[in-house]
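Trainee: Before we look at the model, I would like to go through some of its assignments and ask what each term rests on.

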Amino acid sequence: MPVVSQPSTTLGYALFATRWLQAPLYFGLVAAQGVYVYKFFNELWNLILRCVTGQANETYVMLAVLKLVDVVMIANLLIMVIVGGYETFVSRIGLQGHRDQPEWLSHVNSNVLKVKLATAIVGISSVHLLQMFVDVHHTSQHSLLWGTVIHMAFIASAAILAYMSGPMAEHGDRAHKGHGPAPGQDGCGGGHCASTAVPAEFSTSVAAAQAPVPAQVQVPIPAQATGSYLSPSSYENSSSYETGAETRIRAARFPSRKQLEEFDEDHPRDFDREVLARLGKLDFVAARRNVVFVGPPGTGKTHLAVGLGVRACQAGHQVLFATAAQWAARLREARAAGRLAEELAALDSHPLLIVDEVGYTPFDADTAHLFFQLVAHRYERASLIVTGDRPLGRWDEIFGAAAPAMVDRLAHHAEIVRLEGDSYRMRRATSAWAE
């Protein structure tokens, strides 16, 4: 890699720090929004007074309401510029996981912001034009003509911006697809079992983690998995462009798409529903805490993990899902290439990692040490969701001597959720056989 000189690096940081000069501008816009709040209530008070005193006819009421709508739309435009502009050009606002986070803010960038501002301006222009037509008897023909022309110019500008933003954003999306994670392997939970192919990122070494499967054997993609998601090759070649939550859900590579609302809460014999409601708010992600689901096969661990992961994607978080065997393969491959530290640092871009099916395959001492490094690296830095068939006190059966130190870090800031009951899949199979 080329060596960057210290002076040029310092100059670059200094130039980048000048973005903070824009911060007072956004606070000025906040003050302007306060002016619009005053204007709104002043107009509203005048409208109420004239209606009470009988001085307001239907035309006046309609025009006054349109003025109020106009003020609100301009205030909305200001919010978009203040929050979106500050987030895009100055510094990130830590709203991830907040229940009131606007959906558009989860994928805000300068391109999206321009289009949203253009459409907001079109809406404001529409209200102004409507005011002219409502009060047409007091509006000159010249004003109506130019008002219409200007409004059409705004529409054309917004259409051009929207048209240009598609190819530009798609180009940026393709540039990052090479770094995206691939789908997970088999995952079952909550009475719903889903399978998918071994992802490209994990396929190099996953056979080593699962001795019975030869390295050269290609695991087919079951039909169930392709129902919800594209395979990696079709995802790369897909002409459709997606942004926001759907892109993050695809990038997470869940075995299937599950919602927390779909979970059969009546199936587990021992299950704390209040804990699930609390976890569904995603406060644990913002607090960099962990979640561990423990229970026999078929009690819904994977379903709950995927459901929380999908909700985190919808809240603006980057999530990555894989089984324990696949994580082991990925970490071994990174260590063999001499880039384990870089791999762990790269995973920091994902506030939430999901490790599924811990305990189904015991690991040797070297692999257990790799898992310890993963857990230790993310300790108080980012969140983990882990699903397993045995309690943390028995993890020495899986990770050997590395288990105590690993459990100590994983459980220090963790919500341990225990699920008891028979397998949902076996119950369904028995019911079908009985019928």
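Trainee: What makes Leu-353 stand opposite Leu-384 in S6?

Mentor: Leu-353 faces Leu-384 across the pairing of S5 with strand S6 (residues 383-388), where five bridges join the two parallel strands. Two strands pair if DSSP finds at least two bridges between them, so the five bridges between S5 and S6 meet that condition. The strands and helices themselves are DSSP runs numbered from the N terminus, with E over at least two residues for a strand and H or I over at least four for a helix. Keep in mind that this is a predicted model, in which local features need pLDDT of at least 70 and side-chain atom pairs count only at pLDDT 80 or more, while totals for chains, interfaces and linings use all residues. Residues are numbered from 1 along each chain as its sequence is written, and side-chain values use heavy atoms, with hydrogens and water left out.

Trainee: Which residue stands opposite Ile-354 in S5?

Mentor: That residue is Phe-321, and strand S4 (residues 319-323) runs parallel to S5 with five bridges joining them.

Trainee: Why is strand S5 (residues 352-358) called mostly covered?

Mentor: Six of its seven residues are buried, where buried means under 20% relative accessible area, exposed over 50% and partly exposed in between, with a 1.4 Å probe and protein chains only.

Trainee: Why is the contact of Arg-311 with Glu-261 called a salt bridge?

Mentor: The term requires a side-chain nitrogen of Lys or Arg within 4 Å of a carboxyl oxygen of Asp or Glu; the closest N and O atoms here are 2.5 Å apart, so the pair qualifies. Arg-311 lies in helix H12 (residues 301-314) and Glu-261 in the loop between helix H9 (245-252) and helix H10 (273-279), so the pair ties together parts that are 50 residues apart in sequence.

Trainee: How do you know whether Glu-261 is buried or exposed?

Mentor: Its relative accessible area is 57%, and Glu-261 is therefore exposed, whereas Arg-311, at 25%, is partly exposed.

Trainee: What makes Glu-343 and Arg-330 a salt bridge, and are they buried or exposed?

Mentor: Their closest N and O atoms are 2.4 Å apart, so the distance criterion is met. The pair links Glu-343 in helix H14 (residues 340-346) with Arg-330 in helix H13 (residues 324-336), 13 residues apart. Glu-343, at 10% relative accessibility, counts as buried, and Arg-330, with a relative accessible area of 11%, is buried as well.
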